[in-house]
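Let's take a walk through this model together. Have the sequence and the coordinates open as you read.

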Amino acid sequence: MNEITIYHNPNCGTSRNTLAMIRNSGVGPYEQLNLENNLYSDEQLIDFMLQYPILNNRPIVVTPLGVKLCRLSEVVLDILPNQQQSEFIKEDGQVIVDKQGIRIK
C-alpha cells in the first residue's frame, strides 16, 4: 500500500510533526509527476508547486524589501517593512524577538 492519508489539525504541533515524518519518508507527488527527469520548464515547475504545495518545503516570502527563501523562519525579519511589535517565540521555544521588540541573534 503506497497511499498514506492523514486527517489532522494543521494547528497542532504533534499533527504537523506526524505529517513531516510522513513527508520525510519520501511520500509525496514528486515521483508521481516524474519531476526527477528534467522534463519541465521553470514555469511548469512553478505551476506544479502551486498545485502541489508539498513540493515547496520552505516558505518563499516577497515584500517591497525583497524576496527570501525562509529556510529559517526568522530570515523573514530581514525583509519585513515593519519591526516586530512584541516578543516572538518559535514553536520550539526559541526566543527570536525579545519583549522590547529587539531581534536576538
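What follows starts at the surface and then turns to two buried residues. Keep in mind that this is a predicted model.

Let's begin outside, with a nonpolar surface patch of about 700 Å². Its members are Ile 46, Met 49, Leu 50, Ile 60, Val 62, Val 67 and Leu 69. Three elements each supply at least two residues of this patch: helix 2 (42-51), strand 1 (60-63) and strand 2 (66-69). Helix 2 gives the largest share, with three residues. One patch member to click on is Leu 50, which sits in helix 2. Leu 50 counts as exposed because its relative accessible area is 66%, and the cut-off for exposed is over 50%.

Now go to the loop between strand 2 and strand 3 (88-89), where you will find Glu 74. Is Glu 74 buried or exposed? With a relative accessible area of 14%, Glu 74 is buried, since buried means under 20%. Which residues does Glu 74 contact, leaving aside its neighbours within four places in sequence? They are Lys 90, Gln 94, Ile 96 and Arg 103. The side chain of Glu 74 also makes a polar contact, at 3.4 Å, with the side chain of Ser 73.

Finally, look at the loop between helix 1 (13-24) and helix 2, which holds Pro 29. Pro 29 has 10% relative accessibility and therefore counts as buried. Not counting residues up to four places away in sequence, Pro 29 touches Tyr 52, Ile 54 and Leu 55. Pro 29 and Ile 54 are 25 residues apart along the chain, while their C-alpha atoms are separated by 7.8 Å.

Terms used. Residues are numbered from 1 along each chain as its sequence is written. This is a predicted model: local features need pLDDT of at least 70, side-chain atom pairs count only at pLDDT 80 or more; totals for chains, interfaces and linings use all residues. Side-chain values use heavy atoms; hydrogens and water are left out. Patches are made of residues with over 30% relative accessible area and no salt bridge: like charges are joined within 9 Å, nonpolar side chains (Val, Leu, Ile, Met, Phe, Trp, Tyr) within 5 Å. Accessible areas come from the Shrake-Rupley method with a 1.4 Å probe; for residues, only the protein chains shown count as cover. A salt bridge is a side-chain nitrogen of Lys or Arg within 4 Å of a carboxyl oxygen of Asp or Glu. Helices (H or I, at least four residues) and strands (E, at least two) are DSSP runs, numbered from the N terminus. Buried means under 20% relative accessible area, exposed over 50%, partly exposed in between (1.4 Å probe, protein chains only). A polar contact is a pair of N or O atoms within 3.5 Å; within protein, one must be able to donate a hydrogen and the other to accept it, and residues adjacent in sequence count only if both atoms are side-chain atoms. Contact means heavy atoms within 4.5 Å.
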